[in-house]
Amino acid sequence: MRICRFHKGKGAILAAAILLVVVAGCSEENPVNVTPDEVAGDYSFSRFEFIPLATAVQPANILDTLITANSFLKLTHGGQFLLNYQFKEGPESIIAGNFSLTATQVKLLAAAGSEARLAPLLLDPTVHLDRIPEEGQIGERLELSIVKTADLSKFSDRYQGLPPLQGRLEIILTPR
């Protein structure tokens, strides 16, 4: 019977090589190897509101102005998204792009040239949605709650003449 003994230097090199292989499988961008399959599906808006920090300005409830049957987010198994929306008395619009995800977030990156279609929704070309597990539900909801400066006149003519305002954008998307 032969017993193998590692020289201290060889053992340290082997340990370092194993650690390198383990760490290389994880990146900062996707540390737990999540895949688009985990979030793929259709999501309905259950909240979509901009609350200005200036108390003199009424909140903009974007959800109340959308045709909810035609307004949703679709995440595909291939890592693409479609954001479909329609304002009452307006045409249907579609924004496409790609998404990436981590264990706690979905990052939407809209295709170049989408800015004009994103403006009425008060959204930027990159959107970070938090993944929130739904107890007793299949799937999870996606949420956004950020402080940003928004030009509410892009959303509605009733805000015409107001300068861009700082406020909190609140979005909740639930699986359909």
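With which residue does Glu38 form a salt bridge? In this predicted model, the partner is Arg131, and the closest N and O atoms are 3.2 Å apart. The pair links distant parts of the chain, 93 residues apart. Glu38 sits in the loop between α1 (8–24) and β1, whereas Arg131 belongs to strand β7. Glu38 is partly exposed, at 42% relative accessible area. Arg131 counts as buried, at 10%.

Arg131 also forms a salt bridge with Glu140, with the closest N and O atoms 2.4 Å apart. Glu140 counts as buried at 12% relative accessibility. Glu38, Arg131 and Glu140 are thus linked in a network of salt bridges. The count for the model comes to seven salt bridges. Another of these joins Asp42 to Lys74, again with a closest N–O separation of 3.2 Å. Asp42 lies in strand β1 and Lys74 in strand β3, 32 residues apart. Asp42 is partly exposed at 28%, and Lys74 is partly exposed at 33%.

The largest nonpolar core holds 39 residues. Phe48, Leu73 and Leu75 touch the most other members. Elements giving two or more residues to this core include β1, β3 (72–75), β5 (92–101) and β8 (140–150). Beyond its sequence neighbours within four places, Phe48 contacts residues including Ile62, Leu66, Leu123 and Ile171.

One cavity of 30 Å³ or more was found, with a volume of about 130 Å³. Its lining comprises 16 residues, of which Leu83, Leu108, Leu123, Val127 and Leu129 lie nearest the centre. By class, 15 lining residues are nonpolar, none is polar and one is charged. Strands β1 (41–52), β4 (80–86), β6 (105–110), β7 (126–133) and β9 (165–175) each supply at least two of them.

Definitions and conventions
Residues numbered from 1 in each chain as written. Predicted model: local features only at pLDDT ≥ 70, side-chain atom pairs only at ≥ 80, totals over all residues. Heavy atoms only, no water. 1 Å grid on protein atoms, 1.4 Å probe; cavity = no way out; pocket = protein on both sides within 12 Å on 5 of 7 lines; lining within 4 Å. Points joined across faces, edges and corners; volume = space filled by probe spheres on them. Helix = DSSP H or I, 4+ residues; strand = E, 2+ residues; numbered from the N terminus. Nonpolar A, V, L, I, M, F, W, Y, C, P; charged D, E, K, R; others polar. Core = buried A, V, L, I, M, F, W, Y, C linked by side-chain atoms within 4.5 Å. Buried < 20%, exposed > 50% of the residue type's maximum accessible area, 1.4 Å probe, protein only. Contact = heavy atoms within 4.5 Å. Salt bridge = Lys/Arg side-chain N within 4 Å of Asp/Glu carboxyl O.
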